[in-house]
Every structure is written in C-alpha cells, then in structure tokens.
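Subject: Structure handover

Hello,

Here is the structure for you to look over. My notes on its empty spaces, its aromatic rings and one helix follow below it.

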Amino acid sequence: MATPDAQEPSTRDRGGVRRAILTGVVGALVAGTYFLLLRHPVMTWGATPAEARGRLPGDELLEEADGVATRAIDVNAPPEAVWPWIAQMGPEPRGGAYTYDWIENLLGLGMRSADRVLPDFQDPRPGDTIAYGRNRMRLERVEPEHVLTWRSEDGNWVWTFVLEPRNGSTRLVSRNRYRLPTLGARIGMLPMEPASLLMERKMLRGIKQRAERLAATTG
C-alpha cells in the first residue's frame, strides 16, 4: 500500500503539469487574439490601406522581410519644415528620436530629443553611420525633403521615412522592414511590436509638433 509520503510527489507533478497546460492555453489565446485582431492596427497605425500595402522607396533593400510596420501622420507644414528633424535624428550629439528619452536611455541608446534644428546634421549622405545600441545603421538612400533610408549593418533592418507634399502640408510615412533569422528573434519580436507602436507614435507626433512650430516661426 502506498503511503501519503509516496503519493505527495505524484500530486505535485500533476499540479505542475496542469499549470503548464493552463499557461500554454492562455499564451496561445493571447497570441491568437493579437494576431487575429490587434496586430494589423498595431503595425499600420495612421497609415491608409494603400500605404500599408504599397511599395515604398527602400523596400528593395530588404525584399524578403518577416515583418513590416508602416505608420504615418499628416503634418501641417511643408516638407522643408519636416526634413530637418528627420535629417538630424540619432544618438547624441544628434537630435534624438523625439520619443520617450527615458525609455530609450534605459536601453543605453544615448538619446536626447532636440527642440531646435541642429545645423551640423543637416547634410545627411549615403554612407553615413550611426549606432542605435548594438545596431549600427548606414544611410542608404537620401533624397532631401523626400526620402531617407537607414539599413542595419547586418542587413536585417531597414527604416525609411517618406515625405509627400500635399497642398502646403506633408504626409509623413515611416516604414520598418525586418528579418528575424532565429526562433528566439521571432518570439522576442512579439512584445516588441506593440512596444514599437508606443515609441513610434510618440516620435511621429514629436516630429509633427516640431515641424509645425518651425513652419509657424519661419513662414
């Protein structure tokens, strides 16, 4: 006859299996809900369906992407008032990213969002490099007041800004294309996608605010 002491490990084991199954089911439900209902709006905030689906300059630099985020905003200022803020983006001494600096700097990115145009960084050229943490980025396309594209050194990330003039205002589109070469990278990207929306929405609104203020003071 089994004693209570002999049965106790078996009971604990069964409890552990139940918890593991429950955790797996909950995780699957959360992931399924995200992919079915939330991922598309997270990845296309502010963008029209045509912008989200269409080709943009810079796409050719990473054709086989595992993920694409296309986000956009209307700026009540002409491209010449928007471009300076994009041209100078990057870690100090550049102009930052116009988002939550304290979050950026928890990650060791050295960001300080500038509220003025920095003359030293208004002439971006293909081949220029900056570092976003461990990602060293190289400028691949520069069309002043229209297109600016960065690509990571490993080729797994391409980030493009496109400025389209619209009757004195600007349609500003930001597109991130990325490749996830490992299972760990794919899993790690799941929480990063909504986090990237939080940061990029703040960035686009920060550029909009600065550009509209610049246009008002120089118009």
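A search of the whole structure, which is a predicted model, turns up one cavity of 30 Å³ or more. The space in this largest cavity is about 30 Å³. Its lining consists of Leu-56, Pro-57, Gly-58, Asp-59, Val-158, Thr-160, Arg-175 and Arg-177. By class, that makes three nonpolar, two polar and three charged residues. Two strands, β5 and β6, each supply at least two residues of this lining.

Next, the pockets. The largest pocket has a volume of about 1,200 Å³. Five elements give two or more residues to its lining: β1 (67-75), α4 (101-106), β5 (157-166), β6 (169-178) and α5 (183-218). So β5 and β6 deserve a look in both places: they contribute to the lining of the largest cavity and to that of the largest pocket, by the run definition used for strands.

How many residues line the largest pocket, and which lie nearest its centre? There are 34 lining residues, and Asn-135, Trp-157, Met-189, Met-192 and Ser-196 lie nearest the centre. The lining divides into 19 nonpolar, eight polar and seven charged residues.

Which element gives the largest share of that lining? It is α5, with 10 residues.

That helix needs a closer look. α5 has 36 residues. From its first C-alpha to its last it reaches 50 Å, close to the 52 Å expected at 1.5 Å a residue. It has a kink, though: about 40° at Leu-190, shortly before the proline Pro-191. Keep Met-189 and Met-192 in view here, since both are among the residues nearest the centre of the largest pocket. In an α-helix there are 3.6 residues a turn, so residues three or four places apart point the same way.

Now the rings. The count comes to five aromatic pairs. One of them joins Trp-157 and Trp-159. Is that pair stacked or edge-to-face? It is stacked, at 5.9 Å centre to centre with 15° between the planes; the label applies because planes under 30 degrees apart count as stacked. Trp-157 and Trp-159 are both buried. Ring pairs also link these two tryptophans with Tyr-132 and Phe-161 into a cluster.

Trp-157 ties two of these topics together. This residue belongs to the ring cluster, and it lies among the residues nearest the centre of the largest pocket.

Best wishes

Methods
Residues are numbered from 1 along each chain as its sequence is written. This is a predicted model: local features need pLDDT of at least 70, side-chain atom pairs count only at pLDDT 80 or more; totals for chains, interfaces and linings use all residues. Side-chain values use heavy atoms; hydrogens and water are left out. On a 1 Å grid over the protein atoms alone, a cavity is a set of points where a 1.4 Å probe fits but cannot get out, and a pocket is an open set with protein on both sides within 12 Å along at least five of seven lines; lining residues have an atom within 4 Å of a point. Grid points are joined across faces, edges and corners, and a volume is the space filled by probe spheres set on the points. Helices (H or I, at least four residues) and strands (E, at least two) are DSSP runs, numbered from the N terminus. Ala, Val, Leu, Ile, Met, Phe, Trp, Tyr, Cys and Pro count as nonpolar, Asp, Glu, Lys and Arg as charged, and the others, Gly among them, as polar. The expected span of a helix is 1.5 Å times one less than its number of residues. The bend at a residue is the angle between axes fitted to the seven residues ending there and the seven starting there. Rings of Phe, Tyr and Trp (its six-membered ring) pair if their centres lie within 6.5 Å; planes under 30 degrees apart count as stacked, over 60 as edge-to-face and the rest as tilted. Buried means under 20% relative accessible area, exposed over 50%, partly exposed in between (1.4 Å probe, protein chains only).
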